[in-house]
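Please open the model in a viewer and keep the sequence panel visible. The tour proceeds by selection, and each stop describes what is found there.

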Amino acid sequence: LLQPEVLLLDEPTAALDAQSARNVEALVQTYLQESPHTRASVWVTHDEQQANRIADWQLLIQAGRAEEPRRVG
């Protein structure tokens, strides 16, 4: 738990205002850059704009089916 290889985040900003959500995004980004152990994060969100800001890859799930992963940016 203290040194995860993958950080799993299930809607960590769902109940936050826009500024607080961006603060959490920045904190996670800083953690990922500074952690020698954590190599990736999986971030579940319903906010498409947020996904576009934070993701390197996206996997869209619609009606219980996963679409082809796509590279962002």
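The stops below begin with the whole chain and then turn to individual residues and pairs.

**Whole chain**

Display the chain as a cartoon, bearing in mind that this is a predicted model. Two helices and six strands are present, and their order along the sequence is β-α-β-α-β-β-β-β. The C-alpha trace spans about 35 × 25 × 25 Å along its principal axes. Colouring by accessibility gives a further view: of the 73 residues, 21% count as buried. The exposed area of the chain is about 6100 Å², of which carbon and sulfur atoms supply 51%. For contacts between residues at least 6 apart in sequence, 48% join residues at least 24 apart.

**Thr38 and its surroundings**

Select Thr38, in the loop between helix H1 (18–34) and strand S2 (40–44). Is this residue buried or exposed? Thr38 counts as buried because its relative accessibility is 5%, and the cut-off for that class is under 20%. Next, add Pro4 to the selection: its backbone oxygen lies 2.6 Å from a polar atom of the Thr38 side chain. Beyond the neighbours within four places in sequence, Thr38 is in contact with Pro4, Glu5, Val6, Leu7, Tyr31 and Leu32.

**Tyr31**

From Thr38, move to one of its contacts, Tyr31, which is found in helix H1. Tyr31 is partly exposed, with a relative accessible area of 31%. If residues up to four places away in sequence are left out, Tyr31 touches Leu2, Pro4, Leu7 and Thr38. A distance label between the C-alpha atoms of Tyr31 and Leu7 should read 9.9 Å, for a separation of 24 residues in sequence.

**Two salt bridges**

Show charged side chains next. Side chains of opposite charge can pair when their charged atoms come close. How many salt bridges does the structure hold? There are two.

Select Glu5 and Arg39 for one of them; their closest N and O atoms are 2.9 Å apart. This pair links distant parts of the chain, as Glu5 belongs to the segment before S1 and Arg39 to the loop between H1 and S2, 34 residues apart. Both Glu5 and Arg39 are exposed.

Then select Glu25 and Arg53, which form a salt bridge with 2.7 Å between the closest N and O atoms. Glu25 is in helix H1 and Arg53 in helix H2 (residues 48–54), so this pair ties together parts that are 28 residues apart in sequence. Glu25 counts as buried at 10% relative accessibility, whereas Arg53 is partly exposed, with a relative accessible area of 35%.

**Gln58**

Continue to Gln58 in strand S3 (residues 57–58). With 14% relative accessibility, Gln58 counts as buried. Which side chains make polar contacts with that of Gln58? The side chain of Asn52 does so at 2.9 Å, and a polar contact of 2.6 Å joins the side chain of Arg70 to that of Gln58. Expanding the selection to residues over four places away in sequence shows that Gln58 touches Ala51, Asn52, Glu68, Pro69, Arg70 and Val72.

**A nonpolar surface patch**

Switch to a surface representation and select Val6, Leu8, Val42 and Val44, which make a nonpolar patch of about 340 Å². Strands S1 (6–10) and S2 are the elements that give two or more residues to this patch. Within the patch, pick Leu8, which is found in strand S1. Leu8 is exposed, its relative accessible area being 66%.

**Two backbone positions**

Finally, return to the backbone and inspect phi angles. Most residues other than glycine have a negative phi. Glu11 has a positive phi of about 50 degrees, although it is not a glycine. Glu11 is placed in the loop between S1 and H1 and counts as partly exposed at 30% relative accessibility.

Ala63 is the last selection. Ala63, likewise not a glycine, has a positive phi of about 50 degrees. Its place is in the loop between strand S4 (61–62) and strand S5 (65–66). Is Ala63 buried or exposed? Ala63 counts as exposed because its relative accessibility is 83%, and the cut-off for that class is over 50%.

Methods
Residues are numbered from 1 along each chain as its sequence is written. This is a predicted model: local features need pLDDT of at least 70, side-chain atom pairs count only at pLDDT 80 or more; totals for chains, interfaces and linings use all residues. Side-chain values use heavy atoms; hydrogens and water are left out. Helices (H or I, at least four residues) and strands (E, at least two) are DSSP runs, numbered from the N terminus. Buried means under 20% relative accessible area, exposed over 50%, partly exposed in between (1.4 Å probe, protein chains only). A polar contact is a pair of N or O atoms within 3.5 Å; within protein, one must be able to donate a hydrogen and the other to accept it, and residues adjacent in sequence count only if both atoms are side-chain atoms. Contact means heavy atoms within 4.5 Å. Patches are made of residues with over 30% relative accessible area and no salt bridge: like charges are joined within 9 Å, nonpolar side chains (Val, Leu, Ile, Met, Phe, Trp, Tyr) within 5 Å. Accessible areas come from the Shrake-Rupley method with a 1.4 Å probe; for residues, only the protein chains shown count as cover. A salt bridge is a side-chain nitrogen of Lys or Arg within 4 Å of a carboxyl oxygen of Asp or Glu.
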